[in-house]
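Reader: I would like to go through this structure and ask how each label was earned. Where should we begin?

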Amino acid sequence: MTTLIEVPEAEPGLVAPKSKSKSGGGLGKYIVIRFFLIIPTVFILVTLVFFLMRVIGDPITAAQGGRLPPDVLAQRIHDAGYDRPVLVQYFEYLGQLITGNFGTTITDRRPVVEVLTTFGAATLELSINALIVALAVGIPCGLIAAQHRDKVSDALLRFFAILCYATPVFFSGLLLKLTFSVWLGWFPVAGRSSTRTELTMGSLSAPSGIYWLDALRSGNMTALGDVAAHAVLPAVALGLLTAGVFLRLVRTNVIGTLGKDYVEAGRSRGVSEFRLVTKHAYKPALIPIITVMGLQIALMLGGAILTETTFEWKGLGYQLVQYLNARDFVAVQGIVVLLAIIVAVTNFIVDIIAALIDPRVRY
Amino acid sequence: MSSEAVIRTKQPLSSRLPVVSHLKKSVGLQRGMLVVGVVLSGLFLLTSIFAPLLAPYGYSQLSDASGSFPTQQAPGAQHLLGTTVGGYDVLSRVLWGSQTAVTVIVVSVTMSLFLGVALGLLSGYFGGWLDRILVVVADAIYAFPTLLLAIVISIVISKGQSSFWGGIFSCAFSITVVFVPQYFRVIRAETIRLKAEPFVESAKVLGASSMRIIGRHIFKNATRTLPLMFTLNASEAILTLAGLGFLGFGIEPTSAAEWGFDLNKALADTSSGIWWTGLFPGIAIVLTVLGLTLVGESINDLNDPRIRGRKRAGGTTKSPRRASGTPTTTAEAGK
């Protein structure tokens, strides 16, 4: 949950701002420098998480401490190598990470990478659905608010944006569930699909795990409808959280561009207000949204954990909470580190997209 | 900035306090937002202070003189907002919950203020390798999902659940770790800007020590954004606390009332149509966060002279399109 307001800041240092020579080379250099910045970010987070998780002792005692006799426990700890010095374990862990080995869970003995591939698709699907809701609600509302600046509709929309931020996703989820599934009965209460649909999709040769695609491939329209019905409420709950941020951002930037000279010039030539907003002021205002979208992905992952728990949406977040409750800290550590890498890489991609669209970003 | 500060010191203290001075500057819609925010935040504070008097029962009370409380009872005369599946009185837990929330806000924001401001000042003023390392670490933490980090810290501190103060501190520490980078970034950026100002230069020439320059000249000028950050972080702290509680990493119901935890328990009730266990703690969260956010937003708008509506203009009624030349109206309102 990031703050609503970006406090102005200067960021000297880090990326060398002295590559003004030629635009083409500038971009290439920017991409390379930006790419190498991923490494320290991930490294710091891995180190932080590793040592934090070791402060509480070894993972085997945490997971199975009360249930095993002391000698068996000690043997298991020895077998797993948790009785060696922490620094040795740390470097071994780093070495494993480089080869793509994120550890094996203690409770159900699965490689963490497998957990990710099994449940990651569900989280991805939820995030995309939510992003669609956020964009579909946030951008038009922001345009309307900007066009009717300081009028009643603007005030109401701004209030709506703050309300979106102030409502925790599990509370909006709970309200949506109560209203639309329990009282009105329009949507199912929880889960990603009904058992029958899952059976239909289970017969596919190589299911992608993204239910939209799987249902489409199975060609079964009831299955598709079922998947869609299950997807609506979680997407709305998570999407509204971000919609508020988009609304404010679009409003701010469109108002900013509406005051520019070229818009004034268009107005003096008799271009209608509607056209000014939708044609002239809209596009330049989209650039900051792409930048913020990167930050929103971290926010969405946090929100996804809560949304998945609320709707029993069996994704990474839901699974993470299961492992947390089972005190399987190897699994937790693996998932957290994986998510850190995902966040770092997405931020990188978003920065590159922003640089491609807006040359000023490239320094 | 500096001339403004000189004028301000001549005004009485009452009108220099953050929120009071903002209230005087505001007009129209902006004033409305600020007033609503102040009222909601005030109510929240008062509730937390007087929770023992306001709440009909204790937060972990399961019975009174007439016997044990019924479970999952709909709102009625004896239990105004009903009872939960465990037999707790919903109204009492909602009221007591404000106390937990205030404690967590105070502890976490104070800790992150001290740490973040101190690190930001040192890092920004001295620069060098310390600065580089701190910036990279802060950026790494900043980019990471808040809630995940809070979960990890909370496991480390309390291994999940604990007593009232244990729970409060583990939540507050988790929130602190998340917030320190934010304070750090802002204060560091301000410090770097101020370091180049002539008054710092002249203090150096006069032979003032680094500590004196940081403490006297930079600190006071760098902290003007803090009231704003305080309110915004307070609302974030509540959301994080509730998120932790919702995932079961909060405070046990016998130690204190916590809204997120209650919402977690209410989740199972929804499928049988029981709405009162979830609705009221949720509303409490929304109203509190709403109040604090409105105050923060208004302060942000009013701090910026380009955004602030002027009194004679009447703020809300004036058309911004006509006067694109004047600095009052062209600039954008409310980020």
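Author: Begin with chain A, where 40% of the 363 residues count as buried. The model is a predicted one. Chain A has 15 helices and zero strands.

Reader: What makes a residue in chain A count as buried?

Author: A residue is called buried if 20 or more other C-beta atoms lie within 10 Å of its own. By that test, 40% of the residues of chain A count as buried. For chain B, with 335 residues, the share is 49%. Chain B has 14 helices and two strands.

Reader: Why is B:Leu122 called partly exposed?

Author: B:Leu122 has 19 C-beta neighbours inside 10 Å. Buried needs 20 or more, and exposed needs 12 or fewer. The value of 19 falls in between, so B:Leu122 counts as partly exposed. This residue is found in helix H5 of chain B.

Reader: How far apart are B:Leu122 and B:Thr191 in sequence and in space?

Author: They are 69 residues apart in sequence, and their C-alpha atoms are 8.7 Å apart in space. On chain B as a whole, take the contacts between residues at least 6 apart in sequence: 70% of them join residues at least 24 apart. In chain A the corresponding figure is 73%.

Reader: Why is H5(B) called oblique to H11(B)?

Author: The axes of helix H5 (residues 90–126) and helix H11 (residues 226–246) of chain B come within 9 Å and cross at roughly 125 degrees. Roughly perpendicular covers 65 to 115 degrees, and roughly antiparallel starts over 145. An angle of roughly 125 degrees fits neither range, which makes H5(B) oblique to H11(B). The crossing is right-handed. On the H5(B) side the contact includes B:Ala101, B:Val104 and B:Ile105, and on the H11(B) side it includes B:Phe230, B:Asn233 and B:Ile238. By class, the contact has nine nonpolar, two polar and no charged residues.

Reader: What makes H6(A) oblique to H15(A)?

Author: In chain A, helix H6 (residues 112–147) and helix H15 (residues 329–357) pack at about 60 degrees, with their axes 9 Å apart. Roughly parallel needs an angle under 35 degrees, and roughly perpendicular runs from 65 to 115. About 60 degrees lies outside both, so H6(A) is oblique to H15(A). This crossing of H6(A) and H15(A) is right-handed. The contact is made by A:Val112, A:Val115 and A:Leu116 of H6(A) and A:Ala331, A:Gly334, A:Ile335 and A:Leu338 of H15(A). Six of these residues are nonpolar, one is polar and none is charged.

Reader: How do you know that chain B is in contact with chain A?

Author: Two residues are in contact if their C-beta atoms lie within 7 Å. By this rule, 60 residues of chain B are in contact with 57 residues of chain A. The largest share of the chain B side, 10 residues, comes from H13(B). That side divides into 34 nonpolar, 17 polar and nine charged residues.

Reader: Which residues touch the most other members of the largest nonpolar core?

Author: They are B:Phe144, B:Ile151 and B:Ile238, in a core of 179 residues. Helix H11 (residues 221–258) of chain A gives the largest share of this core, 19 residues. Leaving out residues up to four places away in sequence, B:Phe144 touches A:Leu45, A:Ala298, A:Ala340, A:Val343 and B:Leu149.

Notes
Residues numbered from 1 in each chain as written. Chains lettered and ligands numbered in written order. Predicted model: local features only at pLDDT ≥ 70, side-chain atom pairs only at ≥ 80, totals over all residues. Axes fitted to C-alpha atoms, helices over the stretch in contact; angles between N-to-C directions. Helix = DSSP H or I, 4+ residues; strand = E, 2+ residues; numbered from the N terminus. Left-handed = near helix turned anticlockwise from the far one by under 90°. Nonpolar A, V, L, I, M, F, W, Y, C, P; charged D, E, K, R; others polar. Core = buried A, V, L, I, M, F, W, Y, C linked by C-beta atoms within 7 Å.
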